[in-house]
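Biologist: Please show me the model, and then let us go through its confidence, its fold and its surface.

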Amino acid sequence: LHSYPINLKYFSTKPTPKEVSKKRSTYKQQLSELRNVWHDEHQTKLDIEAAKKREEKRQIVLQKAIRLRERKLQSVQNIKKDKELKAAAMLKYKEHITKNNLIAEKNENIVKEQYQELYKDLQNEQKNWIDTPEKVELYITESLFSSDQPSTTGINTSTSENW
């Protein structure tokens, strides 16, 4: 055995086993209480950190939700603006089509009028046509071809002088 110098000042009498047991029990109880305090402090620290992390995560989720809401609102505004632009473009297109239809109708009427005038002129001129054998015998004679001068059948029209 090793011998250690013993300070008799502290151990004037040898403690009894009950006293040693009581001291150990008291020490264990104090140590247990201290460990419980440490555990509680550590658990409180962990709870605070977890609460901070939850709050940070909640803030991140909240900010993300706010950004998403803003994007959706912007999207709705863009859709409304797009609808307005499409409606304006459609109105402009319909006005363009209406204008072109009016012009087309006007041109069609002009062509119809010109056709009608041509038809009337042809109807008026038809009485002067040499279109039957009797008219050929009546108007086409040897005298038309015998002279050196130009000759006509004698039918005068508004454009006869231009022949």
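Modeller: Among the elements of this predicted protein, helix 1 has the highest mean pLDDT, at 95, and helix 3 (residues 143-146) the lowest, at 75. Here pLDDT is the predictor's confidence in each residue, from 0 to 100. Local features need pLDDT of at least 70 and side-chain atom pairs 80 or more, while totals for chains, interfaces and linings use all residues. Residues are numbered from 1 along each chain as its sequence is written, and side-chain values use heavy atoms, without hydrogens and water.

Biologist: Which pattern does the protein follow along the sequence?

Modeller: Helices (H or I, at least four residues) and strands (E, at least two) are DSSP runs, numbered from the N terminus. The protein has 3 helices and 0 strands. Read along the sequence, the pattern is α-α-α.

Biologist: What percentage of the residues of the protein count as buried?

Modeller: Buried means under 20% relative accessible area, exposed over 50%, and partly exposed in between (1.4 Å probe, protein chains only). Of the 163 residues, the buried share is 2%.

Biologist: Is Phe-145 buried or exposed?

Modeller: Phe-145 lies in helix 3. Because its relative accessible area is 62%, Phe-145 counts as exposed.

Biologist: How does Asp-121 count, and what is its relative accessibility?

Modeller: Asp-121 belongs to helix 1 (residues 17-126). Asp-121 counts as partly exposed because its relative accessibility is 49%.
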